[in-house]
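The following paragraphs lead the reader through one molecular structure, from its internal spaces to its strands, helices and backbone geometry. Please keep the sequence and the model in view while reading.

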Amino acid sequence: MSLAQVHSRAQLGIQAPSVRVEVHTAGGLPATQIVGLPEAAVREARDRVRVAILSAAFDYPSRRITVNLAPAELPKEGGRYDLAIALGILAATGQLPAGGLADCEFLGELSLSGRLRPVTGVLPALLAAREAGRRAVVPTCNAAEASLLEDVDVHVADHLGAVCGWLRGETSLPRPAEVAGARPVSSPDSPDLADVRGQPLARRALELAAAGGHHLLFNGPPGSGKTMLAERLPGILPPLQPHERIEVVALRSVAGLAPAEVMTACRPFRHPHHSASAVAMVGGGSHPQPGEISLADHGVLFLDELPEFSRHVLESLREPLESGHIVIARAAQRVSFPARFQLVAAMNPCPCGYAGDGSSRCHCTPAQIRHYRAKLSGPLLDRLDLVVQVPAVDLAALLGPAAARGESSAQVRARVVVARELAMQRAGTVNAGLAGTALDRCCALAAADRGWLTRAMQQLGLSARSYHRILRLARTIADLEPCETLQRSHLAEAIGYRWR
């Protein structure tokens, strides 16, 4: 037959729209033309495919070949369509049976030898193929990623010839789980909270942040352990749920990270430098890619030296902190990435870092300190549930015996897991995500406590957003006890963590 159709998938954020590769051969001068809004890497596929077909011992037709990537209005990028184009050409020239192509989708970039190279965004493509009721064939290099989905009919291949033999019924293709090394190795243990000496208030705030999914800011002089504390937050968070891990792996795959980073089983911990741009932080580009906030999805985004970040970068975090996703709009497309991250930030009290530590080392003027702190806007600080002063480490605690160390991450994580399970059973979300009627129901107050909280907020000049965040944090404090109803002591502790 002179016309063949092969199914493949594009990449649009973490979505995978269907692409139908239509190949037509006709008489005329030998030429290959690819249409359907292809970018340069897709147009170059005609040369890669031609040599790969010849390397696989097939004939490349000396005819006029037209390859249409439908729908035409969807931009096509990368080498992910190489395998589908090659199979379409072979089917259109009768070298392959076309019957096996209808219920299968193909992804893979071809090398000149015919070997299949890995592509990005395999996991979203396989999820879409499952919804469409089709099988899928992906490169062997993507087997570890594909092995996460046990209910998808997917095969892996390392060469164009192996795929052709499978379509002819001559050979079989392995499943992802049958490939050596496809299953991810357990991630190394996170740093232990027992390494932190002293700082009981900061440790308490870290536990509250983990139990309720709250955003946290550490404020203290250099060397007080702010970074050390932040790095230990992933170690006290509950393990990733299966659906969370699939989303995390999909985002890492779309971003084109190394396979070892893609398949890690631990919660993300992203630590961008303060020179990062707004595009690096929230995502973007001509072909939108996820930024740091999306790569920290279901994990932790740590911003050290918070006032040193660009004001534009910090303000771009305000909407994702509330909504849990980021929308990147371009002229040709509009892409949404999840961004349910937990923000942990650290800052010094002044430009030199030593204001208020009692050492008389600070020579910053009041105007310099005000200018330094004014880099953080009120709306951004209002979105932080816990603001904790981290004093200089007490030498007696630092140099004391090892037996005087605090609780380990495993001990704290056990309490965090129980508190999170209470929250999920009560409202189906962590306490930081409570809103609307769920917030009113889960954080109901006695009349006397409501009046006390109202007076406290008026005296402190707190906003309506602060009111709701105080209730959510108080709910987490109660869950850690555990206590079914909110008490005034829970409200008082929650108010103590507000920035003033």
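The largest cavity has a lining of 13 residues, and those nearest its centre are Gln 11, Leu 12, Gly 13, Glu 77 and Gln 333. The model is a predicted one, in which local features need pLDDT of at least 70 and side-chain atom pairs count only at pLDDT 80 or more, whereas totals for chains, interfaces and linings use all residues. Residues are numbered from 1 along each chain as its sequence is written, and side-chain values use heavy atoms, with hydrogens and water left out.

Cavities and pockets are found on a 1 Å grid over the protein atoms alone: a cavity is a set of points where a 1.4 Å probe fits but cannot get out, a pocket is an open set with protein on both sides within 12 Å along at least five of seven lines, and lining residues have an atom within 4 Å of a point. Grid points are joined across faces, edges and corners, and a volume is the space filled by probe spheres set on the points. Searching the whole structure in this way gives two cavities of 30 Å³ or more. The largest cavity holds about 100 Å³ of space. Its lining comprises seven nonpolar, five polar and one charged residues, where Ala, Val, Leu, Ile, Met, Phe, Trp, Tyr, Cys and Pro count as nonpolar, Asp, Glu, Lys and Arg as charged, and the others, Gly among them, as polar.

The second largest cavity holds about 40 Å³. Which residues line the second largest cavity? They are Arg 9, Glu 105, Phe 106, Leu 107, Ala 125, Leu 126, Ala 129, Ala 136, Val 137 and Val 138. At least two lining residues come from each of strand S5 (104-106), helix H4 (122-132) and strand S8 (135-139); helices (H or I, at least four residues) and strands (E, at least two) are DSSP runs, numbered from the N terminus. By class, this lining has eight nonpolar, no polar and two charged residues.

The largest pocket encloses about 930 Å³ of space. Its lining is made up of 34 residues, and Arg 340, Arg 420, Thr 429, Val 430 and Gly 433 lie nearest its centre. Two or more lining residues are given by each of helix H9 (242-254), helix H14 (318-323), helix H18 (409-427) and helix H21 (464-480). In this lining, 13 residues are nonpolar, 11 are polar and 10 are charged.

Attention now turns to the strands. Two strands pair if DSSP finds at least two bridges between them. Five strands form an open sheet in the order S11-S14-S17-S10-S18, with parallel pairing. Strand S11 (269-270) and strand S18 (386-389) are the edge strands, each pairing on one side only. Within this sheet, four bridges connect strand S14 (residues 300-303) with strand S17 (residues 342-347) in the parallel sense, and Val 300 has Gln 342 of S17 as its bridge partner.

Antiparallel pairing occurs between strand S1 (residues 3-9) and strand S2 (residues 18-26), over seven bridges. Val 6 is matched there with its bridge partner Val 21 in S2. S2 also runs antiparallel to S4, to which seven bridges join it, and Arg 20 stands opposite Ala 70 in S4.

Ala 70 also takes part in a cis peptide bond, which leads to Pro 71 with omega near 5°. Pro 71 lies in the loop between strand S4 (64-70) and helix H3 (82-92). The loop between helix H2 (45-55) and S4 contains Ala 57, whose phi is positive, about 70°, although the residue is not a glycine. A cis peptide bond also joins Glu 481 to Pro 482, with omega about -10°. Pro 482 is placed in the loop between H21 and helix H22 (488-496).

Helix packing completes the account. Axes are lines fitted to C-alpha atoms, for helices over the stretch in contact, and angles run from 0 to 180 degrees between N-to-C directions. Helix H20 (residues 447-460) packs with H22 at about 15°, the axes being 10 Å apart. H20 and H22 are therefore roughly parallel to each other, since angles under 35 degrees count as roughly parallel, over 145 as roughly antiparallel, 65 to 115 as roughly perpendicular and the rest as oblique. Helix H7 (residues 200-212) packs with H18 at an angle of about 40°, with axes 8 Å apart. H7 and H18 are therefore oblique to each other.
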